[in-house]
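Hello,

Here is the structure I promised to pass on. Please open it first, then read my notes below.

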Amino acid sequence: MRHENDDAAARPTPSRLSMNQSAGARSNGLRWHLREATAGLHDQADALGGAYDLRSRAGYAAFLSAHARALPGLEAAVAEALPPGAMPDWPRRRRAASLLTDLARLELPVPHALPVAPLGSAAAAWGMAYVLEGSRLGNAMLLKAVRTSPTLAEAGADAYLSHRPDSEGWPGFVARLEQALPDPAFWPQAGQGARAAFHVFLDALRSGRAPISDRAEYATHE
């Protein structure tokens, strides 16, 4: 799950959180603090992401199921901890409903969501939201992989990966993030929220990996 400086030519993985910013844009703001605070967890998530082949039904089903274990609890935790009006477009940014739509289209059961502990502060909620919003930025590449499979393309189960908040997108979120927490004294709390989000995703990814044999099974149909 890489933030900010992923190589655009790198092979996309379902866990990658690619933000692809220009090399000269780096500063000392909160977004960079969060990137550095979660760097090790990014690497772990990247390693786990390679187990999912989004071109196969089995691999994509495992990917959706893993995310369905993580996303609902994380989104609910952010909504509960944010002060009223802090992020007015948060309801539009939430993607759990789109994820459940995809599971239904593939006739997959809804997995039990992993528990997420209450965050306890708005700063932690912003850190968790940073991870959730970052997770959507590599979705165009992932969606392209899904649509190379005729079976998956026909199913139309891509509401999660194609979700758009119909708002200010990533730039708008980053602007709100920096405005909400200008005091570095609150940044460690934001980092705790970001790391908590990654740990939930990592638990879900570990439990939902598609076996390599599934990928080999579908390779002949590409």
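Start with helix H3, residues 57-81, in what is a predicted model. H3 has 25 residues. At 1.5 Å a residue, they should span 36 Å. The end C-alpha atoms are 36 Å apart, so the expected span and the model agree. H3 does have a kink, of about 30°, at alanine 68. Proline 72 follows shortly after that point. Is H3 enclosed or open? Of its 25 residues, 18 are buried, so the rest of the structure largely encloses this helix.

Next, helix H6, residues 122-134. Its 13 residues reach 18 Å from first C-alpha to last. That is close to the 18 Å expected at 1.5 Å a residue. H6 is mostly covered, with twelve of its 13 residues buried. Among the buried ones are Trp126, Met128, Tyr130 and Leu132. Glu133 is buried too. So are Gly127 and Gly134.

Now the overall picture. The protein has eleven helices and zero strands. From the N terminus on, every element in the run is therefore α, as the order α-α-α-α-α-α-α-α-α-α-α shows. There are 222 residues, and 50% of them count as buried. The accessible surface comes to about 10,000 Å². Carbon and sulfur atoms hold 54% of that surface. Contacts reach far along the chain: among those with a separation of 6 or more, 82% join residues 24 or more positions apart.

How far can you trust it? The mean pLDDT of the protein is 82, and 81% of residues reach 70 or more. Over residues 5-25, pLDDT is below 50. In the model this stretch still has 53 contacts beyond near neighbours in sequence. Residues 210-222 also stay under 50. For them the model has 15 contacts beyond four places in sequence.

Three single residues are worth a look.

Arginine 105. This residue lies in helix H5. Its relative accessibility is 45%, between the 20% and 50% cut-offs, so it counts as partly exposed. Which residues does arginine 105 contact, leaving aside neighbours within four places in sequence? They are Ala155, Gly156, Ala157 and Ala159. The arginine 105 side chain reaches the backbone oxygen of glycine 156 at 2.7 Å. Arginine 105 and alanine 159 are 54 residues apart along the chain, yet their C-alpha atoms are separated by 9.9 Å.

Glutamate 107. You will find this one in the loop between helix H5 (96-105) and H6. Its relative accessible area is 73%; that is over 50%, so glutamate 107 is exposed. Its phi is near 55°, a positive value in a residue other than glycine. Most residues other than glycine have a negative phi.

Serine 149. Its place is in the loop between helix H7 (139-146) and helix H8 (150-155). Is serine 149 buried or exposed? At 8% relative accessibility, which is under 20%, serine 149 counts as buried. Its side chain reaches the backbone oxygen of arginine 55 at 3.5 Å.

That is the handover. Over to you.

Best wishes

Terms used. Residues numbered from 1 in each chain as written. Predicted model: local features only at pLDDT ≥ 70, side-chain atom pairs only at ≥ 80, totals over all residues. Heavy atoms only, no water. Helix = DSSP H or I, 4+ residues; strand = E, 2+ residues; numbered from the N terminus. Expected span 1.5 Å × (residues − 1). Bend = angle between axes of the 7 residues up to and from the residue. Buried < 20%, exposed > 50% of the residue type's maximum accessible area, 1.4 Å probe, protein only. Contact = heavy atoms within 4.5 Å. Areas by Shrake-Rupley, 256 points an atom, 1.4 Å probe, with all protein chains shown as cover. Polar contact = N/O pair within 3.5 Å; in protein donor to acceptor, adjacent residues only side chain to side chain. pLDDT = per-residue confidence, 0-100.
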